[in-house]
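Hi everyone, thanks for making room for me this morning. I'd like to walk you through one model, so let me put it on the screen.

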Amino acid sequence: MNEHDQIRELIEGYALGAVDEQERAAVEAHLAAGCADCAKALEEARWLVTQLVYLAPAAEPSDSLRARLLQELQAGEAPARVTEIRSHAPAKAAIPFWMWAGVAALLLLTTYSAWTARKQRETIVEIQAKLDAAVKQREDLHQELTAAKHEAVILTDPDSKKFMIWPSDKQMPKLEAAWHPDMGIYVTGQKVPMPGKNRVLQLWLISKSGKPMPSRTFWPDSKGKVDLMIDDPPEVMAQTKALAITEEPMGGSPQPTTTPMWVGGVT
């Protein structure tokens with residue numbers, strides 16, 4: 001519970017003067033800081049206390065007591081008897097018990113309402129998190145299923161163009177690529193080393209004019225396996241003469257910044 005909520009729970013008690021010195025100082029400091037919500041709550045609490053006072057039952061002397069007083073006044077003994085009656089009369093409480101009971105019920109209701117609201121907020125946040133996770137999982141599964149279908153079509157369809165992407169370093173593994181005119185490009189490989197820290201591998205489509213077109217960035221998995229699917233390549237196969245892969249800064253680059261590590265001719 002934050003400071004605002006703690007002060008809010010003390011407002012009713014502060015309006016009745018039922019808080020200790022430390023709590024009163026905390027409430028006054030919070031109000032002095034300019035909290036409009038707590039100031040409004042204090043006005044409402046004070047109004048409620050004034051209304052509770054008017055609910056007190058009217059105290060009228062009984063007929064027998066009135067008659068006795070009149071008799072003593074007529075007999076001239078009023079001052080002494082009035083003094084005696086006052087000395088034996090019970091002291092009137094500063095705040096009636098029923099008022100304290102009402103305030104206690106009000107404070108209990110306020111505390112319970114705040115606790116219930118907080119629990120409801122926590123429940124809503126938890127449900128929303130689960131819903132977001134479920135939606136994300138569904139989207140991931142849909143993407144995986146779509147990619148699997150595309151990969152299967154690209155690898156098996158006779159219209160696909162299959163070719164090798166050769167490494168510039170003979171110690172590096174070669175990659176395989178398949179390009180379907182409608183489904184896109186699928187690149188796969190094994191034992192591909194991980195790029196350097198804060199670096200990624202980036203695929204480039206080299207047009208027949210020699211201009212490199214940036215495509216996807218990727219990493220191999222922990223075992224060095226590459227499964228790269230490009231659904232919507234920026235260049236059609238007829239306009240592309242080669243694929244190249246370079247190592248680039250995190251997030252990729254609009255133009256290659258290093259010498260290609262792999263190159264493979266499409267036509």
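Let's start at Trp-219, which counts as partly exposed because its relative accessibility is 45%. This is a predicted model, by the way, so please hear everything I say in that light. Where does Trp-219 sit? You'll find Trp-219 in the loop between strand E5, residues 212–218, and strand E6, residues 226–230. Together with Met-194 and Met-250, Trp-219 makes a nonpolar surface patch of about 340 Å².

Now step back into strand E5 itself, where Ser-215 has its place. Is Ser-215 buried or exposed? Ser-215 is buried, because its relative accessibility is 17% and the cut-off for buried is under 20%. Which residues does Ser-215 touch, once we leave out those up to four places away in sequence? The answer is Gln-202, Leu-203, Leu-205 and Ile-230.

Let me zoom out for a moment. The chain has six helices and eight strands. If you read along the sequence, the pattern is α-α-α-α-α-α-β-β-β-β-β-β-β-β. The chain has 267 residues, and buried ones make up 29% of them. The chain exposes about 17,900 Å², and carbon and sulfur atoms supply 58% of that area. For those of you who like contact maps: take the contacts between residues at least 6 apart in sequence, and 60% of them join residues at least 24 apart.

On to the helical part, and helix H2 in particular. H2 covers residues 21–32, twelve residues in total. From its first C-alpha to its last, H2 reaches 16 Å, close to the 16 Å expected at 1.5 Å a residue. What caps the N-terminal end of H2? That is Asp-20, with a side-chain oxygen 3.3 Å from the backbone nitrogen of Gln-22. Just after H2, Gly-34 takes a positive phi of about 95°.

H2 also gives us a salt bridge to look at. The side chains of Arg-24 and Glu-21 meet at 2.3 Å, N to O. Why are these two about one helical turn apart? Arg-24 and Glu-21 are three residues apart in helix H2, so about one helical turn separates them. As a reminder, an α-helix has 3.6 residues a turn, so residues three or four places apart point the same way. The two partners fall into separate accessibility classes: Arg-24 is partly exposed, with a relative accessible area of 26%, while Glu-21 counts as exposed at 58%.

How many salt bridges are there by the rule used here? The count comes to six, and I'll show you two others. In helix H6, residues 97–156, Lys-130 and Glu-126 are four residues apart, so about one helical turn lies between them. Their side chains meet in a salt bridge at 3.5 Å, N to O. Lys-130 is exposed, with 54% relative accessibility, and Glu-126 is partly exposed at 45%.

The next one is a pair from the strands. Glu-247 forms a salt bridge with Arg-199, and the closest N and O atoms are 3.4 Å apart. This pair links distant parts of the chain: Glu-247 belongs to strand E7, residues 240–249, and Arg-199 to strand E4, with their positions 48 residues apart in sequence. Arg-199 is partly exposed, with a relative accessible area of 23%.

Last stop: the loop between strand E3, residues 184–189, and strand E4, residues 199–207. Lys-191 lies in this loop, and so does Asn-198. What is the sign of phi at Lys-191? Phi at Lys-191 is positive, about 55°, although this residue is not a glycine. Asn-198 isn't a glycine either, and its phi is positive too, at about 60°. Lys-191 counts as exposed because its relative accessibility is 70%. Asn-198 also counts as exposed, at 52%, and the cut-off there is over 50%.

If you'd like to follow along on your own screens, start from the patch of Met-194, Trp-219 and Met-250, then go to the Glu-247 and Arg-199 salt bridge, and finish at the cap that Asp-20 puts on H2. Thanks for listening, everyone!

Conventions:
Residues are numbered from 1 along each chain as its sequence is written. This is a predicted model: local features need pLDDT of at least 70, side-chain atom pairs count only at pLDDT 80 or more; totals for chains, interfaces and linings use all residues. Side-chain values use heavy atoms; hydrogens and water are left out. Patches are made of residues with over 30% relative accessible area and no salt bridge: like charges are joined within 9 Å, nonpolar side chains (Val, Leu, Ile, Met, Phe, Trp, Tyr) within 5 Å. Accessible areas come from the Shrake-Rupley method with a 1.4 Å probe; for residues, only the protein chains shown count as cover. A salt bridge is a side-chain nitrogen of Lys or Arg within 4 Å of a carboxyl oxygen of Asp or Glu. Buried means under 20% relative accessible area, exposed over 50%, partly exposed in between (1.4 Å probe, protein chains only). The expected span of a helix is 1.5 Å times one less than its number of residues. A polar contact is a pair of N or O atoms within 3.5 Å; within protein, one must be able to donate a hydrogen and the other to accept it, and residues adjacent in sequence count only if both atoms are side-chain atoms. Contact means heavy atoms within 4.5 Å.
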